[in-house]
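Here is a short briefing to read alongside the structure. Take a look at the model first, and then we can walk through the packing, the charged pairs and the surface together.

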Amino acid sequence: MRAFEAGALGYVNRDGDPSRLIEAIHRVARGERYVDDSLACDFLQATKLPLTPRELSVLALAAEGSPIGDIAASLHLSSGTIRNYLASAIRKVGARNRMDAVRISQDAGWL
């Protein structure tokens, strides 16, 4: 998603056939977009749900008003790890803070 938002036109599988890379280079050089078939499904999924399952579970508990310590205890993680997940989720959805991330995720139907 970050590559797409940055304006990338081509996406190839690093484990793919070298001929696909050559085809992608030629298409992108002509100004066309190229998405390797093996990545297409993942690419579409990424545009729909940018958050990992763990980030969603942390946001769901935050939506209930749980403090970081309680979220950490319920998920058997450290408070620092929970803060990292929250920061990642906030960044991915373009939120200002944790409650904004919850609102955006609820509005999108992810929570």
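Two residues are in contact here when they have heavy atoms within 4.5 Å of each other. With that cut-off in hand, the buried residues of helix 5 pack against helix 4 (53-63), helix 6 (79-93) and helix 7 (98-108). Please keep in mind that this is a predicted model.

**Overall layout**

- The chain contains seven helices and two strands, and along the sequence they follow the pattern α-β-α-β-α-α-α-α-α.
- Of the 111 residues in the chain, 26% are buried.
- Among contacts with a separation of 6 or more, 49% are between residues 24 or more positions apart.
- The exposed area of the chain is about 7100 Å², and 54% of that area is supplied by carbon and sulfur atoms.

**Helix 5 and its buried side**

- Which residues of helix 5 are buried? In this helix, which spans residues 68-75, they are Ile 68, Ile 71, Ala 72 and Leu 75.
- These four lie on the same side of helix 5, because they cover an arc of only 100 degrees around the axis.
- Just after helix 5 comes His 76, which takes a positive phi of about 60 degrees.

**The largest nonpolar core**

- The largest nonpolar core has 19 residues, and the members that touch the most others are Leu 59, Ile 71, Ile 82 and Leu 86.
- Helix 4, helix 5, helix 6 and helix 7 each supply at least two residues of this core.
- Ile 71 is a handy residue to select in your viewer: its place is in helix 5, and its relative accessibility is 0%, so Ile 71 counts as buried.
- What does Ile 71 touch, not counting residues up to four places away in sequence? Its partners are Val 58, Leu 61, Ala 62, Ser 66 and Ile 82.
- For a backbone distance, the C-alpha atoms of Ile 71 and Ala 60 are separated by 9.6 Å, with the two residues 11 apart along the chain.

**Salt bridges**

- Side chains of opposite charge can pair when their charged atoms come close.
- How many salt bridges does the structure hold? There are eight.
- One of them joins the side chains of Asp 36 and Arg 20, at 3.7 Å from N to O.
- Asp 36 sits in the loop between strand 2 (34-35) and helix 3 (37-48), while Arg 20 belongs to helix 2 (residues 18-29), so this pair ties together parts that are 16 residues apart in sequence.
- Asp 36 has a relative accessibility of 3% and counts as buried, whereas Arg 20, with a relative accessible area of 24%, is partly exposed.
- Another salt bridge links Arg 27 with Glu 23, and the closest N and O atoms of this pair are 2.9 Å apart.
- Arg 27 and Glu 23 are separated by about one helical turn, because they are four residues apart in helix 2.
- Both ends of that pair have some exposure: Arg 27 is partly exposed at 29% relative accessibility, and Glu 23 is partly exposed at 31%.
- Asp 100 and Arg 96 also meet through their side chains in a salt bridge, at 3.8 Å from N to O.
- Is Asp 100 buried or exposed? Asp 100 counts as buried, at 5% relative accessibility, while its partner Arg 96 is exposed, with a relative accessible area of 71%.
- This pair belongs to a network of salt bridges that links Arg 96, Asp 100, Arg 103 and Asp 107.

**A nonpolar patch on the surface**

- Val 12, Leu 21 and Ile 25 form a nonpolar patch on the surface, and together they have about 250 Å² of accessible area.
- Val 12 is found in the loop between strand 1 (10-11) and helix 2.
- At 34% relative accessibility, Val 12 is partly exposed.

How values were computed:
Residues are numbered from 1 along each chain as its sequence is written. This is a predicted model: local features need pLDDT of at least 70, side-chain atom pairs count only at pLDDT 80 or more; totals for chains, interfaces and linings use all residues. Side-chain values use heavy atoms; hydrogens and water are left out. Buried means under 20% relative accessible area, exposed over 50%, partly exposed in between (1.4 Å probe, protein chains only). The arc is that of the directions from the helix axis to the C-beta atoms. A nonpolar core is a set of buried Ala, Val, Leu, Ile, Met, Phe, Trp, Tyr and Cys residues joined through side-chain atoms within 4.5 Å. A salt bridge is a side-chain nitrogen of Lys or Arg within 4 Å of a carboxyl oxygen of Asp or Glu. Patches are made of residues with over 30% relative accessible area and no salt bridge: like charges are joined within 9 Å, nonpolar side chains (Val, Leu, Ile, Met, Phe, Trp, Tyr) within 5 Å. Accessible areas come from the Shrake-Rupley method with a 1.4 Å probe; for residues, only the protein chains shown count as cover.
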